[in-house]
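Trainee: I would like a close look at one part of this model, namely the pairing of its charged side chains.

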Amino acid sequence: MVPTPQVCVSTLVTVSTMAVVDLYLLEQSMLGARGAAGPGIWQCVAVLLGDLGFLLALRFVSAGVVSEARSPRRGFANALWFLFLSLLQLKLFFVCHNYRQERRPPDPLARKTLTLLLSICLPSLFLILTGADHMTPLRRKQEVRGRLLWVVVDLLDVLDLQAGLWEAHGGAGVGGPAELGLPIWAEGLVFFYCYALLLLLPCVALTELGTAALPGPRGARKEALYPWLSLVTINVFTLGLRGTGMLWYRDPRVSTVFLGKNLLALAVKLSSAWEKHRQDVRGRGTGAAVEAGAVAQTTQSPEQAENQDPGKASSAPPSRYHTLSLSHSHGQSLSRVSLEPTETPLGPSFISHEL
């Protein structure tokens, strides 16, 4: 069986991302801080076993992703995203730990290259798993692509927050933790918070975008969960995390661009929610007025019928009697008219004829 392009591209993205992160871990284990080969070997063995298990699971999950590409279900797509992101975040945790413990001068280019790789591969895999190209109505496809843009921007926002943990400007021997800005417990909290967001939000978006392929307004009703989750978890909480790191800890790695993005997104979403609330209230008022008018008409129609029936019944006999009297009087007048003319001309003519 020849694999579909969706399976080929998703497999290429996942395997290449894992391979690059494995190279980072291998390079860190060979040039570690302590110079011992023992921990690096065990780390590489654990990484290889994890990759082997992931490839075996990917073999079966990819077939399910293809089977549900044209259906509203996204169970296998969620499973593939969960497996890929869980293993990737485990490797990134070791990468962050090794970068923090290394004593050699840092390489900013390598760290930013890792951030660039993740910012390309993660949104690309999400766009592949959505299956938006298989949606038949063109209008619905364009609507889904507009929603995908918000999800991709949210993914880049979370990745930027997490990438600040390994894009440090110095290791433990070059100023070390004092230059990092955040304490260890705060960095761990930020890392696992970003891991939870990267794991949860795309799965919710995949499920809702799958239901958007259904005809009718059913999919539109179920698509209200992700905007609220994004509003609370990204536009509010990440705004608080960035603001705390910039104002309290004086962290120079805070992205002011995404800080402004969260402020603008917060204003736009709140204004759209308020406008939708006003429209709902207005629609309820209009519907209540129409319903009250219909009820009033239904209650008035029997009363009007009862009021009109006695008048009709009382007016019916006089009309009949009146027509009969009119016809009788008219008949009498006609008989009189018909008789009188015959008497007036016949009298003189008959007398003249006899004479």
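How many salt bridges does a search of the whole structure find?

Mentor: Bearing in mind that this is a predicted model, a search of the whole structure finds eight salt bridges. As background, side chains of opposite charge can pair when their charged atoms come close. A good place to start is the salt bridge in which the side chains of Lys91 and Asp51 meet, at 2.4 Å from N to O. Lys91 belongs to helix H3 (residues 75–101) and Asp51 to helix H2 (residues 37–67), so this pair ties together parts that are 40 residues apart in sequence. Lys91 counts as buried because its relative accessibility is 3%, under the 20% cut-off, and Asp51, at 13% relative accessibility, counts as buried as well.

Another salt bridge joins Glu167 to Lys112, with 3.7 Å between the closest N and O atoms. Here Glu167 sits in the loop between helix H5 (138–163) and helix H6 (177–180), while Lys112 is in helix H4 (residues 108–130), so the pair links parts that are 55 residues apart in sequence.

The salt bridge between Asp157 and Arg242 has its closest N and O atoms 2.7 Å apart. Since Asp157 lies in helix H5 and Arg242 in helix H9 (residues 225–247), the pair ties together parts that are 85 residues apart in sequence. Both Asp157 and Arg242 are buried, and salt bridges with shared partners join these two residues with Asp154, Asp160 and Lys261 into one network.

Terms used. Residues are numbered from 1 along each chain as its sequence is written. This is a predicted model: local features need pLDDT of at least 70, side-chain atom pairs count only at pLDDT 80 or more; totals for chains, interfaces and linings use all residues. Side-chain values use heavy atoms; hydrogens and water are left out. A salt bridge is a side-chain nitrogen of Lys or Arg within 4 Å of a carboxyl oxygen of Asp or Glu. Helices (H or I, at least four residues) and strands (E, at least two) are DSSP runs, numbered from the N terminus. Buried means under 20% relative accessible area, exposed over 50%, partly exposed in between (1.4 Å probe, protein chains only).
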